[in-house]
Structure formats: structure tokens, C-alpha cells
Amino acid sequence: MAFKAQVSLTDNSIKEKRSVLFIENLLVDKANTDISTEDKKANIDGYIELLSSDKRIVGKITVQVKTVPSKYEGKNSYPCPTSLFAYAESTTDVVYLLAVDHSQSKVLFKHISYALLEANRSKEKQDSITLHFSNNEELRQDNIQEVLTSWLSTCNLLKFCLVKSDDILKENNVLKNQLSNLQENKTTLSSEYIKAIQRFSDTYNDLLNTTFLYIKESMFPNTWKRGIAIYEYTDSSLEYSLYNIKNGELLSPIVQLSPRSIFELNHTHDYASFSKAKNSINENPILEVFILLKKHITEFIKHKRVLPYDTTFLREYVMDFITEYYSRLHLSYNTNYDVNNLIVYFNKQYPGIEKYPVGLVYGAKTIKLNTVYDALKSLYNLGVTTLNRPYPERGRYGDSGDVIDSYTPETAFSKVSSVIYSTFRVYQSFIQTNFPLLINDLDLFYGGNLIVVLFEYSYELRMAIINTYYFKTKEFSKEKIITIESTEDSEILRENSITKQTELFNRNEISFRGNYYQAFRSEGLNDMTVLFGKYNCLSLFYEILQRRFNTYFEALVSGTAAGLWR
């Protein structure tokens, strides 16, 4: 007989160690991992420190590591214990679930966010909640930096909210002290009416401070909250306006004013809604918030408020500007310019352009010069010394007198492919940086795996057509592929023995480079403006932005109207 020792290594601990080692091997030279395999910490397993390019800590996430059971393998789902939800609800940590699917050599990850907690509030008494993971919630060998960037974006967003919270708290305390000395506000609104208005105001401002923070900072700079003024509010009528409450400004976020007194106010109100047919806030305050946010996005896109900080976009913008206004700027028209010489020229011609708004009078309008000057400085800082167009210039290849003379099939395809590739790349980066909470909703691929852009160009028929097709893999695939092809020399048409590109959408499946796909969406442009006018990287960028946001808000609004967001 011999004494019997306790088991030192269980099947469960082996699985846990394998999963932790898998994660650590992926991140070995890109992040610091401090993850336990012995369950010494209740609810969580440890931390991952996010690093800058010079290996300094810039963010930190708290993680619980799990192994995907065999019955869930390959299904992008995992039954998450509700204890992790409880931990995330009680801490300010950025909490992530990391579920390792060894059968697919990937890690499924989910941010246990406030939105996720609220969406699962009805399941509080369950021991676990089955979570589903999109393709953008996978950590693989081929997308490590992309995932780390998204984790850092989440950390930065929380850090911003925490930093701003003290200022907001101070302003709230000042407001409370001021209001305590005032007589109670007189109102004709019932308690139920006020609750609906408060829910509208809270939801609207919460979304502007989180998901749509970029829109708030772009359209309403230096604003603490957006206030609402009520003029008429009944079951069947509504009149209200919105206004900015600046940081450090003492104004009530909700006020009731006499009907139509908006026209007498000195305070600037930038949005107003009048209806004698219904009360949209009272019917569904959340739906009214989404409709309002969509209007903000549309306004932002309409005015093209942002020029992406990218060499292709900057070169294109400056060249388009000079091409249109070179005579008024007293510049000679060239295909190449020295960037430094242009900066010197603008400083000489327009003193003060570094500090003050400068405009160029052109007919009945004034053209702002500061944007093009800032673009030139950005190019110089990016190391660009010679300015030229990033794709073929318009030429003269025929004598029909039509715009078709401006390009050959080769130069037309070169321009189109350059514009589309550059814009797709910048769009993905823009969404990841400025709308980190909407990465999945505004995905360039609409959740698919393959984008096929086919360009058809005919000099004889005076025709230029761009069709974009979106595909999903029939079997699991890690790849995200973009291919831009001419119909005259198309790899995908050739591989599938297709003569008409419409067959791509009509077939049950198509093959491409060893994988099988199914089409689920298509978009098209049949217009010669693909080769002239305002069709360029910047216009395509805002066009894609508008399409993705339209799809996003259509889903939100339909869900809200159906009662899913009440």
C-alpha cells in the first residue's frame, strides 16, 4: 500500500493551459500577457497589456480565457458564464471573453460592454448566455495587429469617458447648486410626458458620447450636452428644438417654452421639428433618437467635413483644387508641382494663412484656402516632395468630342482600380479609428469574405460600368479578399466560365482561388462620371459611408419600430 496523492493535472486544466499558451504564442511579441491557468482570480483569468510601436503600454484589457467545447467548434458561438457579465457590470475594467477554438486555430473574442449587458438583461438568472461571434470578432495569425488596434480603440474610448466624467460631474454639481436656489420650474407636462422626454434626451446624449462621439466632436465641438426645448407636447402634436450646451456653460438640458417662442430666442438652436399629426417622442423616444442621428450623419456626409489623412486622398484633393482654380490662384497648370514651393507660394500670397481663415473670392462665392494649404503641409510632413495625381490624368485619345476620348481602356481601368483600392483601404481604417463600436455594423464587406469589382469599358459603345458584388464563403474561411478586374480580362469570370457578369449573382455558387462563395449583395454604377467630374477617392469614400450608415440605420429603425429597442 502507498499513500495516494491528489491529481496534479486534470483534463480541464490541460485544456485551459493549451488555450492560454495559444493566445500567448499569438501575442508573444506584440502585447504583454498576464493570464493564469490556475483559476486564482475569481471571474477572470488575467490581463493583456497593449503596447505602442516602441513597446510601451498604451492600454490594458481584462480577460477570461475559455476553450470552445467540441459541439461548438467551427460555429463561432460559445456559452459564456453570466459570472463574467456580473464582473463586467461591477468594474470599470475593459472586459473581454476570449474563447479559443483549437479546431479552427483562432480565438473568438467579445467585449462585455454596457450594450451587451443591457441586451441580455432578461437572462440574468441563467448560468450562461450563448454568444455569437462575427468574422470581425476573431483573433487569428493573419489579423493580430488589426485586432489589437480594435482593442486599443475600445480602451481609448473608455479612457476618454472616464477623463471627461469628472468635468461633467463638476458641471452637474454646479447646476444642482444653482437650481436649488431657484423656484421649482413650472410646467404643463405630465409626469409620463416628462419621462419620455428624459429618455429621449438621455439616449441621444449617451449615444453622442459613445458610439457617435466622432460626430459630436465634428458637428458640435466643445459641447457638454445637447439640450431640448419643448414648445408643444400632446398625444398628437410635438414641437421641439435642440441646442448645444457648451462645456462650462450653465443651461438646463430640458426646458419648456411657450409655443413657437423659438423664433424669439437669442440662444442658437440648430434643429427644430414641428408636427401637428403625431408625437414621435411620446410614441417611441428611441426611434426618434435613431432618426435624428441618421439626419446628423447625412448632414456630416453632405458637407464632406473630413479629408482623410492619407497621401492618395491628399494628393488627389490638392490636384483637383489646383486644376479647378489655378488661373484664379495665378498658378500655371502643370501635371507635377513641388510641394515645398506651393507652401512657400501660399504663405507669400496669403499672409496669415497659418493662423487665420483665408478665402479666395470666385464669382459669387468665397473658396476657403486653409484646407488645401493644410493638405499641402500634411503631404510635406508625410515626406511627399513632388505633387502629382495618384492615377492617370485625362488625356486625348480620340476625336469624337466625347469624354470617352479622355481615356483608353488601360488608363480608365488604372484610374478606377486606384480610386477603389485606395478608398476601400481608407474607409476601413476610418471606421476602425472613429467608430470602433460600429466596426461590425459598418463593415466594408457587409459581413462577407469577398468583394468583386468588375469594370466594363467600351470606347465604341461610349460605356463605362462599375459593378460590385459581395460574397460569403460556403465553408469557413479566414480570408477577406478584394479583387478589381476588367471584364475583358477577369480572373473570376474566366475561372467560372461566365460570359455575362450577371451570372455571378444568379448562380448558386462560384469558385475563386480554391474557395466557393455565394453572392448576397450587389451595387452598380452605369455612368460616365466614373472617369470625370467629381468621381474620385473622396466622393467614393463618402458614398460608401452613406451606404453603410443607411443599411445600419434601416436595421435599427425597423428593429425599433418593431419594439425591439423600446
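**Exercise 1.** Against which helices and strands do the buried residues of helix 10 pack?

*Solution.* The structure is a predicted model, and the first step is to identify the residues concerned: in helix 10, which spans residues 339–349, the buried residues are Val 339, Leu 342, Ile 343, Tyr 345 and Phe 346. These residues lie on the same side of helix 10, because they cover an arc of only 160° around the axis. As a general background to this step, an α-helix has 3.6 residues a turn, so residues three or four places apart point the same way. The buried residues of helix 10 pack against two helices and two strands, namely helix 9 (311–325), helix 11 (370–381), strand 13 (336–338) and strand 16 (386–388).

**Exercise 2.** Identify the residue that caps the N-terminal end of helix 10, and give the distance involved.

*Solution.* The capping residue is Asp 338, of which a side-chain oxygen lies 3.1 Å from the backbone nitrogen of Asn 340.

**Exercise 3.** Describe how strand 14 and strand 15 are joined.

*Solution.* Strand 14 (residues 359–362) and strand 15 (residues 365–368) run antiparallel and are joined by four bridges. Within this pairing, Val 361 has Thr 366 of strand 15 as its bridge partner. Two residues lie between the strands of the hairpin, in which Gly 363 takes a positive phi near 65°.

**Exercise 4.** Locate Asn 209 and list its contacts beyond four places in sequence.

*Solution.* Asn 209 belongs to helix 5, which covers residues 191–209. With neighbours within four places in sequence left aside, Asn 209 is in contact with Cys 161, Lys 216 and Trp 224. For Lys 216, the side chains of the two residues make a polar contact at 2.5 Å.

How values were computed:
Residues numbered from 1 in each chain as written. Predicted model: local features only at pLDDT ≥ 70, side-chain atom pairs only at ≥ 80, totals over all residues. Heavy atoms only, no water. Polar contact = N/O pair within 3.5 Å; in protein donor to acceptor, adjacent residues only side chain to side chain. Contact = heavy atoms within 4.5 Å. Pairing = 2+ DSSP bridges. Buried < 20%, exposed > 50% of the residue type's maximum accessible area, 1.4 Å probe, protein only. Arc of directions from axis to C-beta.
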